[in-house]
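Good morning, everyone, and thank you for coming. Please take a moment with the sequence and the structure before I begin.

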Amino acid sequence: MILKNLRTPMRLMLALVVMGLLSLPAVSTAQGLTPMQQAMLQSVSGTTVDADGNFIAFMRSQPVDPREENASAARHLFVIDTETGEEEALYSESAIGGMTFRPEHGTLTFLTARDDDENGRALYEMDPATGDMERIYAFERSIATYEWAPDGSRIVFTANEELDVPEAELPYEPNLFEENRPNRIAYTVDVTSDASAEPLDIDGTVYIMNWSPSGEQLALTVAPSPEVDDFYMFQSVVIVDPSSGNVTADINNEGKIAQIEWSPNEEQLALRAGHDIHDPIDGRIMVVDAADNATPENIFPEFEGKFEQIAWTGDETIHFIASESVERSFGTIRPDGTQFTRVVDLGGPIMTGFSPTAQGDIAFTAHTPAHPPEVYWLADGNDQPERMTDSNPDLGDVAMGEQRVVSYTARDGQFEIDGLLILPVDYQEGTRVPLITVVHGGPEAHYDNGWLTRYSDPGQMGAAQGFAVFYPNYRGSTGRGIDFIYSSQGDLAGREFDDVVDGVDFLIDEGIADPDRVGVTGGSYGGYATAWMSTYYSERFAAGVMNVGISNNISKWGTSDIPEELYLVHSRTRIWDSWVDNLKRSPIYYVEQANTPLLIAHGEEDTRVHPGQSLELYRHIKVRRPDVPLRLALYPNEGHGYGRSASQMDYTLRMMRWFNTYLHGDADAPVPQGAVSLEDAE
């Protein structure tokens with residue numbers, strides 16, 4: 001046992017909780033995955049390894065039963081012995097974040113807010129050998145993020161600034177839009193002493209923080225304001241002297257950024273960032289000298305993939321996880337872009353994160369078509385990671401539809417388009433079946449050949465109910481290199497969505513999809529695609545489920561929190577320079593030809609795509625096409641996607657009921673009435 005002396009009450013409580021969730025709701029093997037089973041699936045995230053590589057700490061989601069409460073899943077802390085594979089539960093009393101091993105100490109630290117933390121989240125330390133836990137630092141405000149210095153005595157952390165806002169003298173006060181939002185200020189403090197936290201001399205909002213290996217420098221990203229647009233598009237990299245708090249160098253970077261990593265000799269920084277200001281993603285490796293006004297260089301611009309995570313493991317070695325079309329690899333590259341080598345080749349588990357050890361072993365989180373994310377371990381010298389956890393053991397007894405990689409040529413001949421297809425459970429080759437097309441959002445995203453089922457993606461739930469489910473990675477998707485992702489810019493709803501229809505045609509030609517029973521769904525930009533398919537391409541689609549989608553590009557620009565991102569990495573023209581073109585690329589423009597039964601759903605608190613986008617499409621169809629089956633479901637207290645258990649279940653059941661009504665049933669059927677039935681979840 002790893003934690004022989006862990007306090008018995010906590011161990012017993014967590015063991016009972018975990019045992020209760022490891023058993024999925026009973027179901028006939030032939031039936032396949034049900035919505036209730038999907039809702040109760042657990043998954044792993046956030047692995048970190050101790051310095052000696054003896055054990056891996058990780059978080060496992062704790063789903064909330066949607067029949068009992070509308071709440072978000074919790075994450076509990078676990079640890080697993082890398083030699084024996086034995087697993088123990090550590091902590092579940094409150095939500096945690098920033099879990100890591102403390103340098104030079106061998107203890108776990110994380111942020112959480114317990115009952116006596118009056119100011120919000122504080123920093124806690126746990127001895128994994130005993131389970132003993134104590135608060136080691138609390139600030140006067142809630143701590144947002146932190147990073148340990150290499151000596152394990154100092155941290156750099158962020159907390160919201162304290163605003164001086166006058167109190168209202170009236171018994172009523174409006175919300176002042178995009179005002180009175182605090183910046184996140186960075187501080188350093190020695191947690192082993194009674195020293196006060198010292199702010200760094202930086203204007204703006206600090207996000208990424210990384211100590212140099214000697215602890216004598218800090219690399220940070222700072223945005224001009226806390227607005228979402230600035231977070232996405234305008235973070236700049238600075239180097240700070242932690243002893244004085246002063247900026248010593250500015251890095252001349254531009255565009256999106258997700259990671260800063262110091263080389264062991266502190267001479268260079270590797271940024272996981274955008275190629276330039278117009279790159280929609282932060283998936284390139286940009287290396288730069290750690291000097292004032294240096295400009296990062298894309299070390300492998302010809303790479304037809306996306307780097308998902310990077311880490312230096314030597315002055316001349318950067319390890320990476322990379323998406324390459326629908327697969328992922330793990331490998332190494334030199335900082336000059338040479339010697340790109342796959343250590344774990346394509347075709348295996350979809351790796352989502354890694355934690356290296358000094359001994360050369362690697363911990364991963366990864367998923368496959370058969371299961372959600374789990375912990376994997378790659379011992380030094382091996383070329384395939386070994387699965388270490390099984391969060392849903394009963395999932396192996398559930399019948400699954402076969403998952404295939406499909407490729408087809410776009411109608412303009414410019415690209416081969418890749419996608420994924422899940423066939424119905426017990427599919428008979430040569431049989432035509434109803435097809436649900438799932439369009440990803442972004443569009444800077446893609447589907448991997450791994451676990452594809454969630455509350456808003458039918459996946460194996462659709463396969464269990466007799467549907468084939470198609471996931472196309474249309475042009476503009478990630479994982480295919482710079483030219484592919486730039487190819488959709490300035491062409492909203494154009495060739496990118498033609499690629500989706502071309503994929504449907506391919507599956508019809510292959511004898512799989514029934515041309516009269518094709519549905520479409522997606523969220524955000526995928527919701528935009530759904531609205532487009534249900535209006536412009538209405539004759540091709542027999543049912544649509546649009547989630548948090550776009551219907552009017554003109555009003556979308558004026559109500560979204562990312563107008564600059566929209567311009568820089570999508571439209572590439574200002575909306576006021578192309579009013580008519582933007583209108584013609586809006587689904588509302590084609591409502592007169594709409595004949596697709598459409599379920600529209602939206603979170604009432606959505607700031608990314610305002611719920612007015614769904615209201616506009618609903619009203620246009622209802623007035624101009626009153627005979628088209630139509631429903632609008634608005635979800636209170638939900639935003640750009642739904643985070644609570646009952647909200648998610650309600651959406652899942654409405655989505656599947658809609659497709660069953662209009663793809664399995666009568667195309668002229670009336671709109672399904674009333675609340676969803678939990679009988680459909682089992």
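I will go through three places in this model, one after another.

This is a predicted model, in which local features need pLDDT of at least 70 and side-chain atom pairs count only at pLDDT 80 or more, while totals for chains, interfaces and linings use all residues. Residues are numbered from 1 along each chain as its sequence is written, and side-chain values use heavy atoms, with hydrogens and water left out.

Let me start with Glu 125, which sits in strand β7, residues 122–126; helices (H or I, at least four residues) and strands (E, at least two) are DSSP runs, numbered from the N terminus. Is Glu 125 buried or exposed? Its relative accessible area is 9%, so Glu 125 counts as buried, where buried means under 20% relative accessible area, exposed over 50%, and partly exposed in between, with a 1.4 Å probe and protein chains only. Leaving aside residues up to four places away in sequence, Glu 125 touches several residues, among them His 105, Asp 132 and Ile 136, and contact here means heavy atoms within 4.5 Å.

Next comes Thr 338, which lies in the loop between β23 (327–333) and β24 (341–344). With a relative accessible area of 34%, Thr 338 is partly exposed, and its C-alpha atom is separated by 8.0 Å from that of Phe 300, although the two residues are 38 apart along the chain.

Finally, please look at Val 580 in helix α10, residues 579–584, where Val 580 has a relative accessible area of 55% and is therefore exposed.
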